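Dear colleague,

I am passing on the structure we spoke about, and below it you will find some notes on its aromatic side chains. Please read them with the model open beside you.

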Amino acid sequence: NAESFMYYEQNRSKSLPHQLINNHFVNLQSTYFIDSKNKVDFILNHGYNNLQEYEEKYFSPGIDMYLNASTLFVRHQWKPNSKVQILSGVQSSIQFNTNGPEAEEVILLDSRQQDIGMYSSLSVPIKKMFFNATLRLDNRNVSSAPFSANYTNLNGSLGLRRNWKGKNLNHDISLHLSSGSRAPHTTELLSDGVHHGTNRYELGDTALRSERFFQLDLNYDFSNEHLSFVLNPFITYANNFIQIAKKDSVIDNMDLWKYEQMDAAIIYGLEARLHYHPHFAHFLHFETGYSQSYGETAFNILTDKEFLYFMPQSRLRSNVRFDLSKSKKFGFASVLFQHFYFFKQDRFGPLESFTDDYHLLQLAFSMRFNHKWPLELSFGVRNALNSEYINHLSRLKSLGLTEPGRSFYINAKWNIKGKIK
């Protein structure tokens, strides 16, 4: 139960079980301007992660997993004139998942995943509208000792946008129709073991195919000098949709969760945002936003409709921010009051459970010291009311483990500027 995972006294001494995590990341980025109409961006990065979990012995890890991943991204931007823009690029990545030789357990088999993709997009005005078209080709190769597969996908999108000025309002409306795809990840294909971070047994499926998506979305924005409002409804049809679902089985005293594929699913919802910034009270900003997403099986007349697993709760966010005087050499720069309301989730997967609604209140303050090298200090409190809640997407929900309570933070940012002669 949840009580067995909670500690009310903390110290720095080692205990069992415990985890050691090492992360290292390096990034190189450069931009080459060929001429006034052409530029090329280069991005190269590499990440290294090692997770060791000691369960019964201090000197012999039960789990010892290594991840090495490298990514190369090249993008060319061409503007033949002030109205037309063509973006083209190539992206490639390779990652290796390996297990240490002394590991007693293997959750994910040793494997290699290699991706390469290329795309091109065109943006051009047509009469009073803007037209955008994109085409992308991707290939993924996944290989391990017992398994190897290739996944190739071709996708595209078409979009129209128009903006115009009314008597007191500015309007901006856009409509996009797009396709997308996602090849299965190595964890979805090759998992076969206890995931101690979620306290469940996860099982992959090497027969999974690439997911295919078709989406229609509308974005409408109107604004004036005091107010702006954005509405964005969308609907997505998914073919071969992959999800991890709970099964009515137990392996190694853990609930079984299996990656599985359904023929068709529909995901739909909307986002709405409102920003009020009166010029007669220039220091005041009021923002609110609402988002919801629903997911369910589609077009299956032989069985009853089912809701998808791990769909987020609908959320209402409200911010009130006061921007204070920035002319002072030292003083408060802003004060922020933020409120979240997460609605109850009663549309859940077959073996999921209901999630209650809850409120969160957060406060943030920032101070500024204006000098040659400005110093910014920010501090605040998260979950100020110390609410006890569990998010529907929490992987520890089945254990009854609540999310963190009230916490405080402080942050310092020193902006050092200078020229290298």
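Tyrosine 341 has a relative accessibility of 18%, and since the cut-off for buried is under 20%, this residue counts as buried. Please keep in mind throughout that the model is a predicted one. Phenylalanine 343, by contrast, has a relative accessible area of 28% and is therefore partly exposed.

The structure contains 14 aromatic pairs. In one of them, the ring centres of tyrosine 341 and phenylalanine 343 lie 4.6 Å apart with the planes at 65 degrees, and because planes over 60 degrees apart count as edge-to-face, the pair is classed that way.

Another pair has a different geometry: the rings of tyrosine 358 and tyrosine 389 have their centres 4.4 Å apart and their planes at 25 degrees, so this pair is stacked. Tyrosine 358 belongs to strand β17 (residues 358-369), whereas tyrosine 389 is found in the loop between β18 (375-382) and β19 (407-414), so the pair ties together parts that are 31 residues apart in sequence. Both of these tyrosines, 358 and 389, are buried, and together with Phe340 and Phe342 they form one aromatic cluster.

Finally, there are two placements of a charge over a ring that you may wish to look at. The charged end of arginine 200 sits over the ring of tryptophan 257, at 4.7 Å from the ring's centre, while arginine 347 lies over the face of tyrosine 294, with a distance of 4.1 Å to the ring centre.

With best regards

Note on methods
Residues numbered from 1 in each chain as written. Predicted model: local features only at pLDDT ≥ 70, side-chain atom pairs only at ≥ 80, totals over all residues. Heavy atoms only, no water. Phe/Tyr/Trp six-rings, centres within 6.5 Å; stacked < 30°, edge-to-face > 60°. Buried < 20%, exposed > 50% of the residue type's maximum accessible area, 1.4 Å probe, protein only. Helix = DSSP H or I, 4+ residues; strand = E, 2+ residues; numbered from the N terminus. Lys NZ or Arg CZ within 6 Å of the ring centre and 35° of its normal.
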